[in-house]
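Me: Please take a close look at a single part of this protein, the packing of one pair of neighbouring elements, and set it in the context of the whole chain.

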Amino acid sequence: MNRPNKNAYRFWLALFAGILLGAGCENRENAGHEPEAALNVQAEQGVPEREKAGQNAQTAAIDVPFTVVEEEKTGVPETLETQDATQQYYRAKIAEGMRLEEAGKLDDASTIYELLTVEFPARFDAFHRLARVHEQKNDAEMAHALYEETMRQNPTSAAFFNDFGWFLLSIGELQDAYGCLQKANSMTPDSPKYMMNLAICITKMGRYPEAFLQFKKAANGNSAVAYTNLAAIQYEDGKLPAAKESIQKALTADPKEKRALELRTLIEEAERFQQEAFTAEEAHIP
């Protein structure tokens, strides 16, 4: 169905919840999940990645786990000083690649990450970032392969699971997406972005009561905002009766909720458009 203002829900969700949606929409539709500014080279454990889905930078202190590598000729482990230098080099190169990503220089970022996957094959971060680059290039096949390779590295980053989950959601693999987004949410339970992305996935799975509770949690208990967000996803998916019911509940909770009133108008427009299309089709039936 060609709905008027079919992409308006993304704008609203950002306003309704006061946050951006994360790993995930725009190009693949990235509203919830663009490259995070905090380097995800260790478990995030409560350190949120960039709160700007696609979107602005927030830097966090990072500890990079280091795997001791024995030198081939002597078999002598690297010194502590060498480990520190290696760690700093790795962190610097990841940061450089992410800056290039944000500048839209995806080929240059890809070159850096590819070299790091060769130099540090046991570290998952470069594989993760490389997957994101291919995703931004709309190369879903390569992105999927790289996400799977990252999974084999036993990643400990909530941002990775959020990104992979949003990618899987974008290609319709809802059950696997749910598993990844739930993992991200459990690793960083206070992240509104991860709560929202999980709620969106649950909505697309048709589990509306559960999705409402997740949206409500993300909205700090605000039922009107939660029902409005639920209705926005239902509307975008073409589930107009469900969206209409949710928006009625939102306005019952708060009759003055401005975004709910605006979304109700869009739903009513979509219903009229649908009815007109149906009437026109009936008129041409012999």
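Reply: What follows begins with the whole chain and then turns to one helix pair. The model is a predicted one. Its secondary structure consists of twelve helices and zero strands, so the order from the N terminus is α-α-α-α-α-α-α-α-α-α-α-α. The protein has 286 residues, of which 49% count as buried. About 13,800 Å² of the protein is exposed, and 51% of that area comes from carbon and sulfur atoms.

The pair chosen here is α10 and α11. Helix α10 covers residues 223-236 and helix α11 covers residues 240-253. Two packed helices are described by the angle between their axes and by the distance between those axes. For α10 and α11 the angle is about 165° and the axes are 8 Å apart. Because angles over 145 degrees count as roughly antiparallel, α10 is roughly antiparallel to α11. The crossing of α10 past α11 is left-handed.

On the α10 side, the contact is made by S223, A224, Y227, T228, L230, A231, Q234 and Y235. On the α11 side, L240, A242, A243, S246, I247, K249, A250 and A253 take part. Sorted by class, the contact of α10 with α11 contains eleven nonpolar, four polar and one charged residues. The charged one is K249 of α11.

One residue elsewhere in the chain can be added. T117 belongs to helix α3, residues 106-119. T117 counts as buried because its relative accessibility is 14%, and the cut-off for buried is under 20%. Leaving aside residues up to four places away in sequence, T117 touches A126, F127 and L130.

Methods. Residues are numbered from 1 along each chain as its sequence is written. This is a predicted model: local features need pLDDT of at least 70, side-chain atom pairs count only at pLDDT 80 or more; totals for chains, interfaces and linings use all residues. Side-chain values use heavy atoms; hydrogens and water are left out. Helices (H or I, at least four residues) and strands (E, at least two) are DSSP runs, numbered from the N terminus. Buried means under 20% relative accessible area, exposed over 50%, partly exposed in between (1.4 Å probe, protein chains only). Accessible areas come from the Shrake-Rupley method with a 1.4 Å probe; for residues, only the protein chains shown count as cover. Contact means heavy atoms within 4.5 Å. Axes are lines fitted to C-alpha atoms, for helices over the stretch in contact, and angles run from 0 to 180 degrees between N-to-C directions. Angles under 35 degrees count as roughly parallel, over 145 as roughly antiparallel, 65 to 115 as roughly perpendicular and the rest as oblique. A crossing is left-handed if the near helix is turned anticlockwise from the far one by less than a right angle, and right-handed if clockwise.
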